[in-house]
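User: I am new to this structure and would like a close look at its nonpolar core. Please take me through that part and then through whatever surrounds it.

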Amino acid sequence: MLMRTDPFRELDRLAQQLTGPGTWSRPTLMPMDAYREGDEYVVAFDVPGVAPEAIDIDVERNMLTVKAERRPVAKADDVQMELSERPLGVFSRQIVLADTLDTERIKADYDAGVLTLRIPIAERAKPRKIAIGGASDRREISG
């Protein structure tokens, strides 16, 4: 069997072991992408191996918090772990949402280890045309 050594990978693994898994009081950062698609913002979080019921999404005022917990898989007594590189513990991300987003209508989907949130732009924040009144629309106020 051919074995390849990557010194940076070993340093990353050592740092992960020293800092330990994320906990609810000190979660590990969760990678994400965010982009605008039409009249909504889309935020996608990588949470592979996490059951949907282990994901918690909260919005308080304009602060969006996503927490997920990956627990170890129960193994039989006769199983001996040879290598364990997949991170376990709590992962979290907080995002400050703009006032122009409608936090009442956030939609969440989970597929293939990716949690996708769709946050619509509030109607009051969308561009609109303002009609200009002409001379015939003017009224004289007497008082």
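Analyst: The largest nonpolar core brings together 18 residues, and those with the most contacts inside it are M30, F45, V47, I55, V66 and L115. A nonpolar core here is a set of buried Ala, Val, Leu, Ile, Met, Phe, Trp, Tyr and Cys residues joined through side-chain atoms within 4.5 Å. Buried stands for under 20% relative accessible area, exposed for over 50%, and partly exposed for what lies in between, using a 1.4 Å probe and protein chains only. At least two residues of this core come from each of strand 3 (40-46), strand 5 (63-70), strand 6 and strand 8 (114-120). Helices (H or I, at least four residues) and strands (E, at least two) are DSSP runs numbered from the N terminus.

Before going further, a word on how to read the numbers. This is a predicted model, in which local features need pLDDT of at least 70 and side-chain atom pairs count only at pLDDT 80 or more, while totals for chains, interfaces and linings use all residues. Residues are numbered from 1 along each chain as its sequence is written, and side-chain values use heavy atoms, with hydrogens and water left out. The pLDDT is the predictor's confidence in each residue, on a scale from 0 to 100. For the protein its mean is 80, with 73% of the residues at 70 or more. Helix 1 (residues 7-19) has the lowest confidence, a mean of 59, and strand 7 (residues 107-111) the highest, at 97.

Now look at one core residue, I55. Leaving aside residues up to four places away in sequence, I55 touches V47, V50, V66, K67, A68, Y110 and L115; a contact means heavy atoms within 4.5 Å. Such long reaches fit the wider picture: of the contacts between residues at least 6 apart in sequence, 56% join residues at least 24 apart.

Strand 3, one of the suppliers of the core, is mostly covered, with 5 of its 7 residues buried. In the protein as a whole, buried residues make up 24% of the 143 residues. Strand 3 also has partners to point out, where two strands count as paired if DSSP finds at least two bridges between them. With strand 2 (residues 32-37) it runs antiparallel, joined by 6 bridges, and Y35 has V42 of strand 3 as its bridge partner. These two strands form a hairpin with 2 residues between them, and G38 in the turn has a positive phi of about 65°. Strand 3 also pairs with strand 8 in the antiparallel sense, over 7 bridges; A44 has T116 of strand 8 as its bridge partner. Strands of a sheet pair through backbone hydrogen bonds, either parallel or antiparallel.

Charged side chains link these same strands. R118 and E37 meet in a salt bridge of 3.0 Å, N to O, a salt bridge being a side-chain nitrogen of Lys or Arg within 4 Å of a carboxyl oxygen of Asp or Glu. That pair links distant parts of the chain, with R118 in strand 8 and E37 in strand 2, 81 residues apart. R118 also meets E40 in a salt bridge, at 2.9 Å from N to O. Since R118 lies in strand 8 and E40 in strand 3, this pair ties together parts 78 residues apart in sequence. E37, E40 and R118 are thus linked in a network of salt bridges. R118 is partly exposed, with a relative accessible area of 23%, and E37 is also partly exposed, at 39%. The whole structure has 4 salt bridges.

The other two core suppliers, strand 5 and strand 6, lead to another part of the fold. An open sheet of 4 strands has the order 1-6-5-4, with mixed pairing. Strand 1 (28-29) and strand 4 (55-60) stand at its edges with a single partner strand each, so one side of each is left without a neighbour in the sheet. Strand 1 and strand 6 (residues 89-96) run parallel and are joined by 2 bridges, with L29 opposite S92.

Finally, two loop residues are worth finding. R61, in the loop between strand 4 and strand 5, has a positive phi near 55° without being a glycine, and it is exposed at 77% relative accessible area. A112, in the loop between strand 7 and strand 8, also has a positive phi, of about 55°, although it is not a glycine.
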